[in-house]
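Q: I should like to take a close look at one helix of this protein and at its surroundings. Please begin with the helix itself and then work outwards through the neighbouring parts.

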Amino acid sequence: MSPESLAESAAQAVEAGAREVRVHPRTPCGGTSLSPRVLAPVLASVRAAVGAPVRVTTDAAAEPDPERLVERIHSWDVLPDLVSVDWHAPGAEKVAAALLERGIGVEAALWARTDGPALFARSPLAPRVLRVAVRAPALNPNPVTGPSAEAAEAAACSLLAELEPGLPPGTSVLLHGTDGGVWPVLRLARRLGLAARIGLEDTLLLPDGTPARSNAELVTAALAGRPEETG
């Protein structure tokens with residue numbers, strides 16, 4: 001959880017084929033934080049280790065108060081390349097506006113089964129985001145086999161079809177799943193030519209169900225047989 005450990009993990013993931021890294025800066029006690037005192041060392045360490053864009057997220061675990069989060073953003077002296085904003089979260093547009101004001105790229109995170117997609121479709125900031133990250137719906141797994149690939153893909157396709165009318169033309173889309181839906185949704189993203197992500201944040205398991213030992217191992221599995229693609 002230290003800046004050095006995050007940088008080491010990021011470097012391994014990039015060596016395995018990732019073109020971008022997403023990090024959660026943490027305090028010495030392990031809590032996520034977007035304080036400039038926490039963020040700056042992480043960005044410095046990760047950038048020294050990789051030649052890839054560094055992305056952070058504004059999830060509520062790091063700062064639940066949107067007004068305080070806007071203050072945090074204005075206090076940063078070292079800036080990330082891209083920040084993911086959960087559009088269903090309170091104050092999401094204020095947070096995105098503060099990021100854009102500072103010249104930081106915004107990724108709009110649109111979760112299934114929230115009002116985020118509808119809010120984004122009506123947002124005047126929608127044309128200014130660099131990318132939309134679509135989180136496919138979590139499925140109630142079969143207690144033995146987990147969700148079927150067909151069910152996970154069908155749910156993701158349904159969500160994409162629902163979102164499409166509200167996306168500005170030419171919007172870049174990243175599609176990802178969680179838990180048992182991660183690998184079917186990743187394969188779907190690859191077939192559709194969409195960006196995808198993989199990491200221990202989304203799953204602890206490799207496609208064969210064995211525990212993953214690192215983010216890099218997950219990236220390697222995601223790119224197996226397709227060396228031109230990223231994790």
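Which residues of α8 are buried?

A: The model is a predicted one, in which local features require a pLDDT of at least 70 and side-chain atom pairs count only at pLDDT 80 or more, while totals for chains, interfaces and linings use all residues. Residues are numbered from 1 along each chain as its sequence is written, and side-chain values rest on heavy atoms, with hydrogens and water left out.

In α8, the buried residues are A216, E217, L218, V219 and A222. Here buried denotes under 20% relative accessible area, exposed over 50%, and partly exposed the range in between, with a 1.4 Å probe and protein chains only. Helices (H or I, at least four residues) and strands (E, at least two) are DSSP runs numbered from the N terminus. The buried residues of α8 pack against α1 and α7 (182–192), where contact means heavy atoms within 4.5 Å. At the N-terminal end of α8, S214 acts as a cap, with a side-chain oxygen 3.4 Å from the backbone nitrogen of A216.

Helix α7 has its own buried set, made up of V182, W183, P184, V185, L186, L188 and A189. The cover over these buried residues of α7 includes α6, β6, β7 and α8. Just after α7, G193 adopts a positive phi of about 75°.

The loop that leads into α8 comes next. D202 sits in this loop, between β7 (195–196) and α8 (215–222). D202 is buried, because its relative accessibility is 5%. Its side chain makes a polar contact with the side chain of R197 at 2.8 Å. A polar contact is a pair of N or O atoms within 3.5 Å; within protein, one must be able to donate a hydrogen and the other to accept it, and residues adjacent in sequence count only if both atoms are side-chain atoms. Apart from neighbours within four places in sequence, D202 is in contact with H176, G177, T178, D179, V182 and R197. V182 also appears among the buried residues of α7.

E201 belongs to the loop between β7 and α8 as well. E201 counts as partly exposed, because its relative accessibility is 44%. Leaving out residues up to four places away in sequence, E201 touches R22 and H24. With R22 there is a polar contact between side chains, at 2.8 Å. E201 and T178 lie 23 residues apart in sequence, with 8.5 Å between their C-alpha atoms.

The strands that border this region belong to an open sheet of seven strands in the order β1-β2-β3-β4-β5-β6-β7, with parallel pairing. Two strands pair if DSSP finds at least two bridges between them. Strands β1 and β7 stand at the edges with a single partner strand each, so one side of each has no neighbour in the sheet. Within the sheet, β2 runs parallel to strand β3 (residues 82–86) and is joined to β3 by three bridges. T57 is placed opposite S84 of β3. Helix α6 (residues 149–163) lies across β4 (105–111), β5 (131–135) and β6 (173–176), at about 140° to β5. Such axes are lines fitted to C-alpha atoms, for helices over the stretch in contact, and angles run from 0 to 180 degrees between N-to-C directions.

Charged pairs complete the picture. A salt bridge is a side-chain nitrogen of Lys or Arg within 4 Å of a carboxyl oxygen of Asp or Glu; the count by this rule is 13. One of them joins the side chains of E20 and R55, at 2.8 Å from N to O. This pair links distant parts of the chain, 35 residues apart: E20 is in the loop between α1 (3–16) and β1 (21–22), and R55 is in strand β2 (residues 54–57). E20 is partly exposed at 24% relative accessibility, whereas R55 is buried at 4%. E20, R55, E107 and R131 are linked in a network of salt bridges.
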